[in-house]
Amino acid sequence: MTQSAAMNASFSVVLLDDDRDLLKATQQTLELAGFQVQAFTAAADALAVLDRHFNGVVVSDIRMPGIDGLQFFQRLQHVDADIPVILITGHGDISMAVKAIQDGAYDFITKPFATERLAHSVRQAAEKRQLVMENRALREAAGEAENGLPLIGQTPAMEWLRHTLRQIADTDVDVLVTGETGSGKEVVATLLHRWSSRRSANNFVALNCSALPESIIESELFGHEQGAFTGAQKRRLGRIQHADGGTLFLDEIESMPQSVQVQMLRVLEMREVAPLGTNEVRPIDLRIVAASKVDLGDPAQRGNFREDLYYRLNVITLSIPPLRERRDDIPMLFGYFTNRAAARFQRAVPDVPASVHRYLRDHQWPGNVRELSHFAERFVLGLDNETQDNARGRLENILPLPERLELFEASIIREALENHDGDVRRTIEALGIPRKTFYDKLQRHGIVRSEFSKAN
């Protein structure tokens, strides 16, 4: 099977013609081009297998007894107006075919036709249909997310994470959450609180340990009495006491100063707090969820973080996988974020072009879900092209050399394909590599050659 045929193999074609000999010949033509073909001699039979979930193309003759091709096309419009329909016409039917094109038919081809002409039209129509289906999937996925699906994703890692959160949410065990920047650690902490009995009337209190200098963080956490230090003009309730009865979320806990770590260890062990400027010890009832972007179990990454505090926190550890390791979740997340951004900016949700689908698939997302969310906002605002270029440039400065070389190679191949409208021969000549090497690189980088065709 040729490379083109292999790409076409996932596309379906419903073929309709009452002339059995011509039907058989056309079916063979399309099957040789690699398409999966269902052939029918009656429009009613073809309509029975077509619905809005059909991911393919319809090819129909116009002149047929009973329901002719134009009537068939009109009925199919009520099933799904986005299904591409290619009409096969005789010379006397051209005016009718032109009218059908104006009404939304994808193409018409006059008899007799060259086999490559039909195969090319079907291929382009199938790729258009695939883009329509991908956009629908994004919108439907976003709708599911809007219906209350937290920690959006259907990959096994995310399903396991949601299941585990449900299992431990209503226990009072402390939890350590690990994951890269932007992966959703605060979302996990929020859900642990929301799904617990502490949610009713009690506080969820969050503190980023890296955002406050050492001179302030102690007072922020433990509170102070009036006159406890210079500038303490009135009594202040600390975050720990404010979270009494609820949940305290300590983000980037690896940044907590060592002097504060000692006091935090006592809070964890004794469930009591002593504000600055008083000897009074006050009991507290709270769950602590700590988050770290480094592996605190690894001494090399732990740095100055106290080992005994790590083991006290490490009752249950939940790891959030980076977005690049759960790529199947990206369409659903992107659909959710575009819907949310559209509502926020009071814009219509735009259709997603093939270039953005490629970017969603190929980008490494070093900023994880947060980066994807910002990208969706820029896309809704019409700034996606600039964002892609800038984000790719920033990414190339972050990644190790081997991964940067991979990105560079993929960008060169894409540029060559764009410059030569997806033509394999001319692209290979421009790149100066063997044909097999070219196809191997397409597969490794996830590049679909047909997406660069000028007619796409």
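Let me begin with a term: on a 1 Å grid over the protein atoms alone, a cavity is a set of points where a 1.4 Å probe fits but cannot get out, and its lining residues have an atom within 4 Å of a point. Grid points are joined across faces, edges and corners, and a volume is the space filled by probe spheres set on the points. Rolling a probe the size of a water molecule over the atoms shows where empty space is left.

What you have in front of you is a predicted model, in which local features need pLDDT of at least 70 and side-chain atom pairs count only at pLDDT 80 or more, while totals for chains, interfaces and linings use all residues. Residues are numbered from 1 along each chain as its sequence is written, and side-chain values use heavy atoms, with hydrogens and water left out.

First, the chain as a whole. It has 20 helices and twelve strands, and by these I mean DSSP runs, H or I of at least four residues for helices and E of at least two for strands, numbered from the N terminus. Of its 456 residues, 48% count as buried, where buried means under 20% relative accessible area, exposed means over 50%, and partly exposed lies in between, with a 1.4 Å probe and protein chains only. The accessible surface, computed by the Shrake-Rupley method with a 1.4 Å probe, comes to about 22,300 Å², and 48% of that belongs to carbon and sulfur atoms. If we take contacts, meaning heavy atoms within 4.5 Å, between residues at least 6 apart in sequence, then 70% of them join residues at least 24 apart.

Now back to the cavities. How many cavities of 30 Å³ or more does a search of the whole structure find? The search finds two, and the second largest has a volume of about 50 Å³. Its lining is made up of Leu15, Leu16, Asp17, Leu22, Thr26, Val59, Ser60, Asp61, Ile88 and Phe113. Two or more of these residues come from each of strand 1 (12-16), helix 2 (20-32) and strand 3 (56-61), and strand 3 gives the most, with three residues. Counting Ala, Val, Leu, Ile, Met, Phe, Trp, Tyr, Cys and Pro as nonpolar, Asp, Glu, Lys and Arg as charged, and the others, Gly among them, as polar, that lining has six nonpolar, two polar and two charged residues.

Let me turn to charged pairs. The structure holds 24 salt bridges, each a side-chain nitrogen of Lys or Arg within 4 Å of a carboxyl oxygen of Asp or Glu. In one of them, Asp285 pairs with Arg198, and the closest N and O atoms are 2.9 Å apart. This pair links distant parts of the chain, since Asp285 sits in the loop between strand 10 (282-283) and strand 11 (287-292), and Arg198 in the loop between helix 8 (185-194) and strand 7 (204-208), 87 residues apart. Asp285 is partly exposed at 42% relative accessible area, whereas Arg198 is buried at 7%.

Another salt bridge brings together Arg414 and Asp362, at 2.1 Å from N to O. Because Arg414 lies in helix 18 (residues 401-419) and Asp362 in helix 15 (residues 354-362), the pair ties together parts that are 52 residues apart in sequence. Both Arg414 and Asp362 are buried. Helix 15 itself is mostly covered, with seven of its nine residues buried, including His357, Arg358 and Tyr359.

A third pair joins Glu252 and Lys293, whose closest N and O atoms are 3.0 Å apart. Glu252 also has a positive phi of about 50 degrees, although it is not a glycine, and it lies in the loop between strand 8 and helix 11.

That leads to the backbone. Most residues other than glycine have a negative phi, and most peptide bonds are trans. Asn368, in helix 16 (residues 368-380), has a positive phi, near 60 degrees, and at 1% relative accessibility it counts as buried. Which two residues does a cis peptide bond join? They are Lys111 and Pro112, with omega at about -15 degrees, and Pro112 is found in the loop between strand 5 (107-110) and helix 6 (115-146).

Last, consider Phe337 in helix 14 (residues 330-345), which is buried with a relative accessible area of 7%. Leaving aside residues up to four places away in sequence, Phe337 touches Val369, Leu372, Ser373 and Ala376.

Definitions and conventions. On a 1 Å grid over the protein atoms alone, a cavity is a set of points where a 1.4 Å probe fits but cannot get out, and a pocket is an open set with protein on both sides within 12 Å along at least five of seven lines; lining residues have an atom within 4 Å of a point.
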